[in-house]
Structure formats: C-alpha cells, structure tokens
Amino acid sequence: MVVQAYILIQTDVGKASQVAKAIAQVKGVTLSEDVTGPYDVIVRAEARNVDDLGKLVVAKLQSIEGITRTLTCPVVHI
C-alpha cells in the first residue's frame, strides 16, 4: 500500500520557484509546482506508510531553505 498526500507550502517572498525546484529532487515527491494564492508551492508525495510520509515531510521537506510553513493533506480513498 502507498500513502499519498498533497503538501501545501508557504515560502519566503520570492523563493517559491527555488523551493519548488529543490523539492522536485526529493525522493518520494511526484509533483512540485509553484503557484499563486494563499500557498506558494503545491507538492504531491507518496510513501510506504504514514510514518514514512511524516519523516519525508519533517526531515526532508521542512529542512529546505525558504520554507516557512507546511500543511500536509493525506489522500483518502473511500
């Protein structure tokens, strides 16, 4: 089973493109786009389980320079 999530990211002013490019290189990220609106970057990621997804977000994504806030939205199939 694969756990998927969308991660909404706010960045420092002017850093969205740079952050999106850096995130696209992280293993487990399947999509990284800089956008306009209340968030600056939208990411789609996947992992083997919820624990691995949490580690991906906390250890790999949140450590990227320019990120000020993340919001993780797991995908739920009903």
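So, which residues have the most contacts inside the largest nonpolar core? Keep that one in mind, and let me set the scene. What we have here is a predicted model, and I'll walk from the overall fold down to a few individual residues.

Okay, the fold. The protein chain has 2 helices and 4 strands, and going along the sequence they come in the order β-α-β-β-α-β. As for overall dimensions, the C-alpha atoms fit a box of roughly 35 × 25 × 15 Å along the principal axes. The radius of gyration is 12 Å, and since a compact globule of 78 residues would sit near 12 Å, the two agree.

A few whole-chain numbers before we zoom in. Buried residues account for 36% of the 78. The accessible surface is about 5,100 Å², and carbon and sulfur atoms own 54% of that. If you take contacts between residues at least 6 apart in sequence, 66% of them join residues at least 24 apart. On the charge side, there are 8 positive and 8 negative charges, and their mean positions lie 5 Å from each other.

Now back to my opening question. The largest nonpolar core has 20 residues, and the ones with the most contacts inside it are Ile7, Ile9, Ile23, Val41, Val43, Leu53 and Leu61. Strand 1 (3–11), helix 1 (16–24), strand 3 (41–47) and helix 2 (50–61) each put in at least two residues. As background, nonpolar side chains in soluble globular proteins tend to be buried together.

Take Leu61 from that list. Beyond four places in sequence, leucine 61 touches Ile7, Ile23, Val26, Val29, Leu56 and Ile67.

Let's move to strand 1, where I picked two residues. What does alanine 5 touch, once you leave aside its neighbours within four places in sequence? The list is Val43, Arg44, Ala45, Leu53, Thr72, Cys73, Pro74 and Val75. Alanine 5 is in strand 1, and it counts as buried because its relative accessibility is 0%, with the cut-off being under 20%. If you want a distance, alanine 5 and alanine 24 are 19 residues apart in sequence and 15 Å apart C-alpha to C-alpha.

The other one in strand 1 is threonine 11. Buried or exposed? Threonine 11 is buried, at 11% relative accessible area. Outside the four-place window, threonine 11 touches Ala16, Val19, Asp40, Val41, Gly66, Ile67 and Thr68.

Asp40 in that list is worth a stop. Aspartate 40 is in the loop between strand 2 (29–34) and strand 3. With a relative accessible area of 21%, aspartate 40 is partly exposed, because buried would need under 20%. Its contacts, again skipping neighbours within four places, are Ile9, Gln10, Thr11, Ala16, Glu33, Asp34 and Val35. How far is aspartate 40 from valine 19 in space, C-alpha to C-alpha? That's 9.1 Å, for a pair 21 residues apart in sequence.

Last stop, helix 2 and what follows. Alanine 59 is in helix 2, and at 53% relative accessibility alanine 59 counts as exposed, since the cut-off there is over 50%. Its C-alpha is 20 Å from that of lysine 15, with the two positions 44 residues apart along the chain counted as the separation.

Then there's glutamine 62, in the loop between helix 2 and strand 4 (67–74). Glutamine 62 is partly exposed, with a relative accessible area of 39%. Apart from neighbours within four places in sequence, its contacts are Val57 and Thr70. Histidine 77 is 15 residues away along the chain from glutamine 62, and their C-alpha atoms are 26 Å apart.

So, to wrap up: a β-α-β-β-α-β chain, with a nonpolar core of 20 residues fed by strand 1, helix 1, strand 3 and helix 2, among other possible places you can look up on the model. That's it from me, happy to pull up the structure.

Notes: Residues numbered from 1 in each chain as written. Predicted model: local features only at pLDDT ≥ 70, side-chain atom pairs only at ≥ 80, totals over all residues. Heavy atoms only, no water. Rg over C-alpha atoms; globule rule 2.2 N^0.38 Å. Buried < 20%, exposed > 50% of the residue type's maximum accessible area, 1.4 Å probe, protein only. Contact = heavy atoms within 4.5 Å. Areas by Shrake-Rupley, 256 points an atom, 1.4 Å probe, with all protein chains shown as cover. Lys, Arg positive; Asp, Glu negative; His and termini not counted. Charge placed at Lys NZ, Arg CZ, Asp CG, Glu CD. Core = buried A, V, L, I, M, F, W, Y, C linked by side-chain atoms within 4.5 Å.
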